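Please open the model in your viewer and keep the selection tool at hand, since each stop on this tour begins with something to select.

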Amino acid sequence: MIHRSTHAGAVRDSLLALQSRRVRQLILLLMAALGVFAVINLTLLEARVQAPLVAGIALLGVALWMQQRGRVEQSLMMVLWVMTFVATAMIWMRGGIRDLVVLAYPCILVLAAMALSPRRLVALGGAMVLSLGLLAWGEISGWYQPNVPPVGPWSFVNRALILVVVAVIGRTMARDLQAAVARAESESSRAKDSAVRLAFLVQHDALTGLPNRLLVQDRFAQALARSRRDGTPLAMLVIDLDDFRRVNDSLGHGVGDAVLQRMAERLRVLAAETDTLGRLGADEFVVVSTELADAEALAVFAQRLLDGLAEPFERDGLCIACGSSIGIARFPYDGDTFETLLNRAEAAMARAKADGRNAFRFADAEVDLDVGEHLRLVSELRAGIDRGELELHYQPIVHLASGRVGAVEALVRWRHPERGLVAPGAFIPLAERSGLIHPLGNWALEEAAAQARRWEARGLPPLVVSVNVSPVQLAQGELDVVVQRVLAANALPAKQLLLELTESSLVGDAEPLRNRIARLRAIGVGLSIDDFGTGYSNLGYLQRFDVQALKIDQRFVRGLADGPQGEAIVRAIAQLAASLGIRTVAEGIESAGEAERLKALGCDAGQGRWWGDAMPAAVFTRWYAERFTELAAQVSQR
């Protein structure tokens with residue numbers, strides 16, 4: 001979108017510059033023509049006839065002055081009216097309706113038709129028609145007598161001069177029109193190419209070129225209709241790469257993308273021509289088969305896929321191997337819709353992973369029970385979002401040196417009508433897998449921003465609200481657009497919103513990721529790394545991304561009890577953050593001793609049960625008021 005907008009702006013600027021240049025050329029040409037006409041006819045014309053020519057040159061000079069100051073449209077309007085005035089004056093003072101200067105009228109109208117709005121064109125043409133009508137009526141009624149000049153050598157020169165001016169203007173206009181047509185054809189070709197490319201991207205995965213979920217679902221529907229009509233076989237195989245996350249995290253997203261592309265190429269070779277291949281997302285692929293009639297044939301095909309995908313390949317001097325697990329579901333035994341077969345194939349694939357990976361499994365009754373529970377919970381979550389069953393609880397983030405509360409972390413909870421208060425770990429993964437994470441995450445941002453404003457209205461100081469962002473939101477959604485809308489709707493300053501990102505969502509060097517982070521930082525919101533230090537050794541992203549805070553995972557806080565080694569880890573993280581100008585927040589603090597020790601090790605802030613668990617907004621309001629009173633009393637006693 002940005003590229004198209006920039007291109008359109010460049011084209012518009014180019015056209016405006018061309019228009020300004022053409023107006024300047026027209027003014028200079030007309031001034032020269034009027035000057036030559038006046039000089040040639042100096043001895044032939046009366047002084048009163050020379051006056052319009054001199055006045056026309058002077059007024060064209062004013063139009064040139066306007067053009068040089070960027071008032072191109074007003075300049076062109078003045079040129080057209082000045083030439084109409086000069087031509088009309090010459091016609092009335094000379095030969096009337098028979099005068100050769102009448103030839104100027106059509107040229108002026110053609111130029112006006114290409115440059116003016118219809119209303120202005122009608123006004124200009126109406127003035128000409130009125131002038132010619134008055135001349136004709138004057139001659140007929142006898143009150144006007146034209147002064148027809150005698151024919152002489154200069155008659156040819158005058159007419160030739162007018163024709164030359166008309167020809168030059170006409171040729172210039174024709175060349176501009178040809179250029180405009182060529183430009184329009186080029187833009188039309190560009191638009192057609194873009195439309196074709198867009199149509200491809202809408203239905204295909206940009207990285208591998210395989211059909212995406214939308215196109216796979218459409219082709220599945222066609223295959224299902226044929227299977228019901230003709231009794232042809234139909235099966236769905238879901239393939240998930242076993243070691244992709246390890247490869248992606250240790251070698252970077254560039255190598256990870258290369259692995260996905262290589263796997264897609266191998267699937268094209270291994271599958272039959274009538275099979276539908278697709279990429280469902282991340283490292284998950286799907287094959288819709290319409291040729292394999294029984295379980296034995298499907299088992300042979302699945303094993304061939306496992307063997308083919310497991311073959312190692314070289315990349316940048318590295319030998320990379322990535323196994324896979326496959327789940328198989330068949331129509332009509334395992335379901336009769338796309339979603340049912342897909343979920344049962346995914347459940348079978350998950351069982352293959354649990355049984356040791358690099359294997360395939362068929363859907364069965366045991367798996368169907370898990371799928372049913374999964375589907376029910378997803379359905380209930382979708383309904384719960386619509387019914388407003390979600391709520392945010394807030395845990396204070398306390399500055400260790402002063403004891404002040406300057407921020408809170410917003411944590412989503414699901415108050416299920418039957419299950420009670422459901423913790424995030426039970427439904428966030430389902431939301432990410434089903435796509436519900438986007439409406440859920442958008443709601444959390446909106447509610448957190450609105451609550452921050454409600455607290456201020458109740459007299460609390462401005463608090464920074466920290467909101468967790470799923471990697472799926474960051475990778476697949478337009479998070480910056482959502483954030484801008486939320487801030488504007490609640491009139492919340494951007495500095496009061498902090499987005500907590502996981503390390504896994506930032507590891508790598510993908511250009512789209514850097515662009516998304518840059519757009520968020522351009523808005524002015526803060527970024528924090530959640531659960532820092534939980535398994536990633538590549539710290540390069542701390543330099544690539546403008547991060548404001550690191551949340552030290554609570555396992556390191558627990559590690560303080562292990563002695564010097566645990567303290568050394570926390571101190572190293574705090575020193576690293578301080579050297580980069582990043583604030584540190586320790587999680588899971590449960591005692592005053594831990595808080596004091598963390599402060600001594602260089603941590604800036606902390607959160608945990610020592611101050612309070614995550615609590616509803618109303619409870620936090622009372623907690624904050626009580627703590628503020630307590631702090632004020634402590635200060636007054638010092």
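Which residue of strand S15 does Ile552 stand opposite? Select Ile552 together with strand S15, and you will find that the residue opposite Ile552 there is Ala586. The model you are looking at is a predicted one, with a mean pLDDT of 80 for the protein and 80% of its residues at 70 or more.

Next, select residues 549-552, which make up strand S14, and show the side chains: Ala549 and Lys551 point one way while Leu550 and Ile552 point the other way, and all of these residues are buried. In a regular strand, side chains alternate between the two faces of the sheet.

Now add the partners of S14 to the selection. Strand S13, residues 526-532, pairs with S14 in the parallel sense over three bridges, and within this pairing Ile529 stands opposite Leu550. Strand S15, residues 583-586, also pairs with S14 in the parallel sense, here over four bridges.

From there, move to the surface and select Leu130, Leu134, Trp137 and Trp143, which form a nonpolar patch with about 460 Å² of accessible area together. Leu134 has its place in helix H5, residues 118-141, and because its relative accessible area is 35%, Leu134 counts as partly exposed.

Finally, select residues 1-9, where pLDDT stays under 50 and the model has two contacts beyond four places in sequence. Where pLDDT is low, the predicted coordinates should not be read in detail.

Definitions and conventions
Residues are numbered from 1 along each chain as its sequence is written. Side-chain values use heavy atoms; hydrogens and water are left out. pLDDT is the predictor's confidence in each residue, from 0 to 100. Contact means heavy atoms within 4.5 Å. Buried means under 20% relative accessible area, exposed over 50%, partly exposed in between (1.4 Å probe, protein chains only). Helices (H or I, at least four residues) and strands (E, at least two) are DSSP runs, numbered from the N terminus. Two strands pair if DSSP finds at least two bridges between them. Patches are made of residues with over 30% relative accessible area and no salt bridge: like charges are joined within 9 Å, nonpolar side chains (Val, Leu, Ile, Met, Phe, Trp, Tyr) within 5 Å. Accessible areas come from the Shrake-Rupley method with a 1.4 Å probe; for residues, only the protein chains shown count as cover. A salt bridge is a side-chain nitrogen of Lys or Arg within 4 Å of a carboxyl oxygen of Asp or Glu.
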